[in-house]
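Biologist: I have a structure open and a few things to ask about it. Can we go through them one at a time?

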Amino acid sequence: MAGDGEAKETSKRAKGRTLAEFGTLRPAEKMLLEACQTGEFASIADERPKEKSNDNSIRPTFLRFLTLGGDDEAPVHEKGVQLNGAWIDGDIDLESCRISAPLYLWNCTIVGQLIVLFADVHTLSLEGSKMQGIEGSGLRCRGFLFFRNCFHATGEVRLIGAHISGNLECDKNRFDGADGKALVCDGIETGGDVFLRNGFRATGEVRLLGARIGGDLVCEGGRFEAAGERSLNCNRAKIDGALDFRAIVKPDDGKAGVVAFLGAHASTLTDDAASWQTASALVLDGFTYDRIAGVPRTDQPGGTTSGDAPPRDAKTRIAWLDRQLPRHLTQDFRPQPWQQLARVLMEMGNEDDARTVLIEMRKRQRETRWKHRNASWWKRAWWFVLTRFDWVLGVLVAYGHRPQRAMWSLLGLWLAGSLIYWGVASAGIMAPTDARLYLDNQIPPECKVDWIGYAGPQLPSSAEIADAPSDARAMLQKQISDDADHRRDEATRVGLDQAQEWTWKGICDRAVPSEYSVFQPFVYSIGIMLPFLELRQERDFAPRILDDKGKVICPLFTLPSWLPLIDGTWGLGYLVRVWEWFEIFLGWTLTILIAASVSGIIKKD
């Protein structure tokens, strides 16, 4: 009757849940059973077995039996199953199981998969083990998940929608994916960090689509090799801590893949320039981060960020953005990564670098607007014309970010104009505009030859007299003598001392009424450039084309009559007038751009 009771009790358990079902146990199974009862590690071998033997093999069903707590005949300690160096010949099927104690499978060879679909586990550690893959979609882990210390998966590891209260640690391991995927963690949620670091190697895509990581995502020292297009896909991932993307190992030739952070977010971005170059391209559209800063190195837990601060200069960061997919930089230009970087740099105090990033963004936008539009040639030409205004904004005020460019241009324009007006004044080009000066008979005609320098009529030099023929030499000397006599007479007429030798400048300074302005080329240039200042110089003086005898002053070239409006002889006065028009136009343009930049009318982002 007692045997009937025991059979009845056994029949109440599901298949594979009683010790009696396994018959004679293998040596390794006996060792494991004893260790589970005492809460100790069952060390079958010190290293991962390379082949099966009678002494190291364990049936996966027996391992499952103990993992689920055994039975009355084979109770399992609260420390759970702790196994090292065993050969497990088959799939370990723990689908939908609730495992209350930890499961440690260290340095084991599993000829099959670990199936933990929708399972609820305490802690799962597979350090140093090798298996064909893991099917763990919907897994709930109340502790930590360890795939480290030479862990090797020869097939895909799937943790879609898994919930891990602690860390997911994948240090010093290898994932050789199947069908182009190595580690698939779409929708995973962790309360701690995700470590893909220090010897992590994946051949195939590592996917963290829509992941929610409560700590850091650390890829420092990892190696990501693509079997298809992408090597690391973190689109829409949310990282509450830091994204540590430093010291990434360069993959073998031809195995670099796209690293994608489309719509992802990280609290802190920690990286280095060389690591991003290990990817064939980047997807950064929608990627946001609150700061760019260093974090302690993972191989130096007590270390500081000294020497490990990520680059924040514009040149390095623009090179980072240039690693994006080519279409995101050309016909399908994405401005968000540029705006995000500029915002963070601005908030961190790198204002000049932030402006440089935004200026480069606007430059790229302008180029793509006409170069890559899918339109007919005449529409592209029209877009080219429209973007020239944007080009002007970039050159003169850097799209509103550097109005000092226009200020320096204004200063250069003023100095150039001042030198031009100062130079042409001595040639008699500049003259007063008040007609009363020309009609005033009290002003000698010699003063009207050169209204600015009052140089008087041009006389032969001593060298010209010496070189002249004898019959002409007397005439030239008489011309000089007559000019001297005339200067004495005019000096007497205007009330100057007769005993002193006066030049025409001294005579004209006395003859011209003092209420009239004296030409100042530097003030005149400001008045032309900025007419609203009303300095009166531009109203009192102007360049003249003809002298008092009706001849072109300083003729330069002659244009044919078939050119309307501009035909005839062009003298220096014409060119000065053209310069004035240019200076007025550019002066107004620069002034307006400066005002628009300072006031914020020009959109800077």
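Biologist: Which helix gives the largest share of the nonpolar patch?
Modeller: Helix α9 does, with 5 residues. Keep in mind that this is a predicted model.

Biologist: Which residues make the patch, and what area does it have?
Modeller: W408, L411, L415, L419, W422 and F522 make it, and the area is about 680 Å².

Biologist: Take L411. Where is it, and how accessible?
Modeller: L411 sits in helix α9. Its relative accessibility is 34%, so L411 counts as partly exposed.

Biologist: Now α14. Which of its residues are buried?
Modeller: In α14, residues 521–529, the buried ones are P521, Y524, S525, G527, I528 and M529.

Biologist: And what do those buried residues pack against?
Modeller: They pack against three helices and two strands: α9 (404–425), α15 (537–540) and α16 (572–599), plus β32 (430–432) and β33 (541–543).

Biologist: Changing topic: which residues touch the most other members in the largest nonpolar core?
Modeller: L83, F147, F175 and L196, out of 99 residues in that core. A second core of 27 residues is separate from it, and its members include V397, M529, W579 and L590. As a general matter, nonpolar side chains tend to be buried together in soluble globular proteins.

Biologist: What is L196 in contact with, leaving aside neighbours within four places in sequence?
Modeller: Among its contacts are C170, L183, V206, L208 and L217. The list also includes V218, C219, E220, G222 and F224.

Biologist: What about G199, where is that?
Modeller: G199 lies in the loop between β21 (194–195) and β22 (201–207). G199 is partly exposed, because its relative accessible area is 39%, and partly exposed covers the range between 20% and 50%.

Biologist: Which residues does G199 contact, beyond four places in sequence?
Modeller: K172, N173 and G221. There is also a C-alpha separation of 6.0 Å between G199 and D171, which are 28 residues apart along the chain.

Biologist: Last one, β29. How many of its residues are buried?
Modeller: 5 of the 7 in residues 265–271 are buried, so β29 is largely enclosed by the rest of the structure.

Biologist: Which strands does it pair with?
Modeller: β29 pairs with β27 (residues 238–245) in the parallel sense, over 6 bridges. β29 also runs parallel to β31 (residues 288–292), joined by 4 bridges.

Biologist: What are the bridge partners of D244 and A266?
Modeller: D244 has T270 in β29 as its partner, and A266 has Y289 in β31.

Technical notes. Residues numbered from 1 in each chain as written. Predicted model: local features only at pLDDT ≥ 70, side-chain atom pairs only at ≥ 80, totals over all residues. Heavy atoms only, no water. Buried < 20%, exposed > 50% of the residue type's maximum accessible area, 1.4 Å probe, protein only. Pairing = 2+ DSSP bridges. Core = buried A, V, L, I, M, F, W, Y, C linked by side-chain atoms within 4.5 Å. Contact = heavy atoms within 4.5 Å. Patch = residues over 30% accessible without salt bridge, like charges linked within 9 Å, V, L, I, M, F, W, Y side chains within 5 Å. Areas by Shrake-Rupley, 256 points an atom, 1.4 Å probe, with all protein chains shown as cover. Salt bridge = Lys/Arg side-chain N within 4 Å of Asp/Glu carboxyl O.
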